[in-house]
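Me: I should like to work through a protein structure by question and answer. Please reason briefly each time and finish on the value or name requested.

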Amino acid sequence: MANARLVRMFDDFEDESPTDPIETSPRPRVLVVEDDDALREMISNRLHRDAFEVLEAGSGFEALRVLGSPLAAELELIIMDVHMPGASGLEVAQWLRGGSCQVPILLITAFPTTEVCRRASLLDCAVLAKPFQFERLTNAGIAALVSSRFEPRTAS
């Protein structure tokens, strides 16, 4: 029932035309971490159409397993829900930053409170409020990629 409501909520924002493709080669690799299966699938499908190679995780703990695997090689962006059972997106981001991970992180949340935004800023993460237009998600991801390519990074 909740998934049906979510799909209806995002149907209004779905735009079938892809955003301008990213002018890089090969396709940037992004990890999408979202506990809602339907939303994760919609995000992943859109990013794939917009020239991203997409990895997926359904929880913070699953994200940590993916990030510790060879699949995470050359990962360029993480898009992660803030509120998830188990490890939240903020907790995963804090763990990653503590381990010197410099991959850009875009946090998505239906509750962009002042505290969430403050903590995200301290962790050098961008925040995008739900619901969002998928074009806006892609553009926020592209902005994070572009800014990270012009900032000095340390090896993770």
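Me: Is Glu74 buried, partly exposed or exposed?
Reply: The model shown here is a predicted one. Glu74 is found in the loop between H3 and E3. A residue counts as exposed over 50% relative accessible area. Glu74 has 65% relative accessibility, and therefore it counts as exposed.

Me: What is the phi of Glu74?
Reply: Most residues other than glycine have a negative phi. Glu74 is not a glycine, although its phi is positive, at about 65 degrees.

Me: Which residue in the loop between H5 and E5 has a positive phi of about 60 degrees, and how accessible is this residue?
Reply: The loop between H5 and E5 holds Asp124. Asp124 is not a glycine, yet has a positive phi of about 60 degrees. The range between 20% and 50% is called partly exposed. With 48% relative accessibility, Asp124 therefore counts as partly exposed.

Me: Which peptide bond is cis, with omega near -10 degrees?
Reply: Most peptide bonds are trans. Pro131 is found in the loop between E5 and helix H6, residues 134–149. The cis bond, with omega near -10 degrees, runs from Lys130 to Pro131.

Me: In what order do the elements of the protein run from the N terminus on?
Reply: The protein has six helices and five strands. From the N terminus on, these elements run α-β-α-β-α-β-α-β-α-β-α.

Me: What is the order of the strands in the open sheet?
Reply: Strands of a sheet pair through backbone hydrogen bonds, either parallel or antiparallel. In this open sheet of five strands the pairing is parallel. Strand E2 (53–57) and strand E5 (125–129) each pair on one side only, as edge strands. The order is E2-E1-E3-E4-E5.

Me: Which residue in E2 stands opposite Leu31?
Reply: Strand E1, residues 29–33, pairs with E2 in the parallel sense over five bridges. Val30 stands opposite Val54 in E2. The residue in E2 opposite Leu31 is Leu55.

Me: What is the bridge partner of Ile79 in E4?
Reply: E3 and E4 run parallel and are joined by four bridges. In E4, the partner of Ile79 is Leu106.

Me: Which residues of E1 point the other way from Arg29, Leu31 and Val33?
Reply: In a regular strand the side chains alternate between the two faces of the sheet. E1 is mostly covered, with five of its five residues buried. Arg29, Leu31 and Val33 point one way, and the residues pointing the other way are Val30 and Val32.

Me: Why is E4 described as largely enclosed, and which of its residues point the other way from Ile105, Leu107 and Thr109?
Reply: Five of the five residues of E4 are buried, so E4 is largely enclosed by the rest of the structure. Ile105, Leu107 and Thr109 point one way from E4. Pointing the other way are Leu106 and Ile108.

Me: Which element supplies the largest share of the largest nonpolar core?
Reply: In soluble globular proteins, nonpolar side chains tend to be buried together. The largest nonpolar core here has 26 residues, and those with the most contacts inside it are Leu31, Val33, Ile78, Met80, Ile105 and Leu107. Elements that each supply at least two residues of this core include E1, helix H3 (60–67) and helix H4 (89–98). The largest share, four residues, comes from H4.

Me: How many residues does the second, separate core have?
Reply: This second core is separate and includes Ile43, Phe52, Ile79 and Leu137. The number of residues in this core is 17.

Me: Is the aromatic pair stacked, tilted or edge-to-face?
Reply: The structure holds one aromatic pair. The rings of Phe132 and Phe134 have their centres 5.7 Å apart and their planes at 80 degrees. Planes over 60 degrees apart count as edge-to-face. The pair of Phe132 and Phe134 is therefore edge-to-face.

Me: What is the relative accessible area of Phe134?
Reply: Buried means under 20% relative accessible area. Phe132, at 2% relative accessibility, counts as buried. Phe134 is buried too, with a relative accessible area of 0%.

Technical notes
Residues are numbered from 1 along each chain as its sequence is written. This is a predicted model: local features need pLDDT of at least 70, side-chain atom pairs count only at pLDDT 80 or more; totals for chains, interfaces and linings use all residues. Side-chain values use heavy atoms; hydrogens and water are left out. Two strands pair if DSSP finds at least two bridges between them. A nonpolar core is a set of buried Ala, Val, Leu, Ile, Met, Phe, Trp, Tyr and Cys residues joined through side-chain atoms within 4.5 Å. Buried means under 20% relative accessible area, exposed over 50%, partly exposed in between (1.4 Å probe, protein chains only). Rings of Phe, Tyr and Trp (its six-membered ring) pair if their centres lie within 6.5 Å; planes under 30 degrees apart count as stacked, over 60 as edge-to-face and the rest as tilted.
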